[in-house]
Amino acid sequence: MRIAVFSTKPYDRRFLDQANQAHRHELVYFDPQLTVATAPLAAGYRGICAFVNDRLDAEVLQLLRASGTELIALRCAGFNNVDLVEAERLGITVARVPAYSPHAVAEHAVALLLSLNRMTFRAYNRVREGNFALDGLLGFDLYGKTVGVVGTGKIGLIFAKIMHGFGCKVLASDPFPDAAAKAFVRYVPLDTLLADADIISLHCPLTTETHHLIDARAIARMKDGVVLINTGRGRVVDTKAIIDALKSGKIGRLGLDVYEEEEQLFFQDLSQRIISDDQFMRLTTFPNVLITGHQAFFTAEALTNIAETTLSNICAFESGTGALQRVTVDRRV
């Protein structure tokens with residue numbers, strides 16, 4: 001199959017080309033994101049390979065279908081950027097990579113937590129400048145703290161296990177509790193988790209129900225000085241509400257690997273440009289905020305699995321046999 005691959009970086013090409021050696025599809029790489037403006041680049045391609053911030057709304061899907069697209073192979077787990085109803089109406093198959101390396105994301109969430117707790121990112125800069133003062137670097141023992149995990153899919157459960165290993169009491173909230181997880185977590189209603197947790201880590205998908213799940217009301221229920229980590233999806237959090245909570249001290253430390261409006265920021269070098277997103281720039285002014293640019297997934301193991309599963313999806317679609325990790329409307333939960 002001829003596949004148009006959007007939002008590509010050098011590492012995408014490396015791992016996709018490596019995985020494609022066994023399949024020999026024709027992969028054509030495009031640097032830009034997939035949008036209404038760039039959709040014409042896909043003309044004549046039966047398949048499209050897209051990433052988390054590519055735009056796949058009704059307008060783009062209609063353009064793609066009109067130019068011959070039958071398959072959208074997402075090289076990511078999330079599919080909130082796809083209008084699944086319209087894709088189904090148009091007869092476009094949507095596939096994804098449901099599990100590439102849950103350990104990668106869970107471990108990155110822990111890294112954010114540890115660095116925020118002991119302020120190692122600030123200490124690093126101080127020492128390089130010859131400043132060895134400890135003021136402002138005070139942390140706390142994780143042992144004995146209550147950790148709230150929102151969403152206990154594969155990533156959330158791995159994060160929960162790691163925190164249990166630190167000696168934390170782990171609470172969890174999920175509409176579909178995992179029976180095996182009850183050995184090391186206690187499932188509680190979300191409001192109880194928000195009120196009791198010293199640390200809250202978000203691992204739920206973005207749906208209509210979870211959009212702005214963490215808003216002013218939810219934050220008001222939290223403990224003063226709570227640590228909040230988000231490695232899930234940016235729009236699960238209301239950015240304005242967390243800025244207000246940082247200003248008031250309600251949120252004591254904030255770690256983000258995702259952001260509401262990241263589509264215009266992440267995965268590119270903007271160091272020589274003025275960033276016009278005032279809310280994002282406001283976040284960067286807080287000394288107790290640590291932001292990474294959607295890199296939680298970024299390990300060699302994860303990229304290998306993403307590429308191999310993506311190519312397997314393409315082969316399964318082309319041949320009509322094999323395991324196609326298809327996304328359908330009724331699975332959007």
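For sorting lining residues, Ala, Val, Leu, Ile, Met, Phe, Trp, Tyr, Cys and Pro count as nonpolar, Asp, Glu, Lys and Arg as charged, and the others, Gly among them, as polar. Keep this at hand for the exercises below, which explore a predicted model.

**Exercise 1. Sort the residues that line the second largest cavity by class.**

Solution.
- Step 1: Collect the lining, which is made of Asn230, Gly234, Val237, Thr239, Ile242, Leu256, Val258, Tyr259 and Glu260.
- Step 2: Pick out Val237, Ile242, Leu256, Val258 and Tyr259; these belong to the nonpolar class.
- Step 3: Asn230, Gly234 and Thr239 go with the polar class, and Glu260 with the charged class.
- Step 4: The result is five nonpolar, three polar and one charged. The space these residues surround is about 40 Å³.

**Exercise 2. Describe the largest cavity: what is its volume, and which residues line it?**

Solution.
- Step 1: Start with the count, which is two cavities of 30 Å³ or more.
- Step 2: The largest cavity holds about 60 Å³ of space.
- Step 3: Around this space you will find Tyr11, Asp12, Phe15, Leu16, Phe51, Arg75, Leu303, Ile306 and Ala307.
- Step 4: Two elements, α1 (10-20) and α11 (300-319), each give two or more residues to this lining. The top contributor is α1, with four residues.
- Step 5: By class, the lining of the largest cavity has seven nonpolar residues, two charged and no polar ones.

**Exercise 3. Find the domains and describe how they meet: how many residues does each give to the contact?**

Solution.
- Step 1: The domain assignment gives domain 1 (2-100 + 299-319) and domain 2 (102-291).
- Step 2: Between the C-alpha centres of domain 1 and domain 2 the distance is 30 Å.
- Step 3: Twelve residues of domain 1 and ten residues of domain 2 take part in the contact.
- Step 4: Together the two domains bury about 940 Å², with 54% of that area coming from carbon and sulfur atoms.
- Step 5: On the domain 1 side, look for Asn53, Asn80 and Tyr100, which supply 47% of the area that domain 1 buries against domain 2, more than any other three residues.

**Exercise 4. Examine the second largest pocket: which residues lie nearest its centre?**

Solution.
- Step 1: The volume of the second largest pocket is about 360 Å³.
- Step 2: Its lining has 20 residues, and Asn80, Asn81, Leu206, Arg235 and Glu263 lie nearest the centre.
- Step 3: Domain 1 and domain 2 each give at least three residues to this lining. You have already met Asn80 among the residues that bury area between the domains.
- Step 4: Sorted by class, the pocket lining has three nonpolar, nine polar and eight charged residues.

**Exercise 5. Place the UniProt annotations on the chain: which residues do they cover?**

Solution.
- Step 1: An unreviewed UniProt entry places "domain: D-isomer specific 2-hydroxyacid dehydrogenase catalytic" at residues 3-325. Over that stretch the chain is 35% helix and 15% strand, with the end C-alpha atoms 17 Å apart.
- Step 2: The annotation "domain: D-isomer specific 2-hydroxyacid dehydrogenase NAD-binding", also from UniProt (unreviewed entry), covers residues 110-296. Here the chain is 32% helix and 16% strand, and 10 Å separates the end C-alpha atoms.

Terms used. Residues numbered from 1 in each chain as written. Predicted model: local features only at pLDDT ≥ 70, side-chain atom pairs only at ≥ 80, totals over all residues. Heavy atoms only, no water. 1 Å grid on protein atoms, 1.4 Å probe; cavity = no way out; pocket = protein on both sides within 12 Å on 5 of 7 lines; lining within 4 Å. Points joined across faces, edges and corners; volume = space filled by probe spheres on them. Domains from an automatic or database assignment. UniProt positions renumbered as here; feature names shortened; annotations may be inferred. Contact = heavy atoms within 4.5 Å. Buried area = accessible area lost by both parts, 1.4 Å probe.
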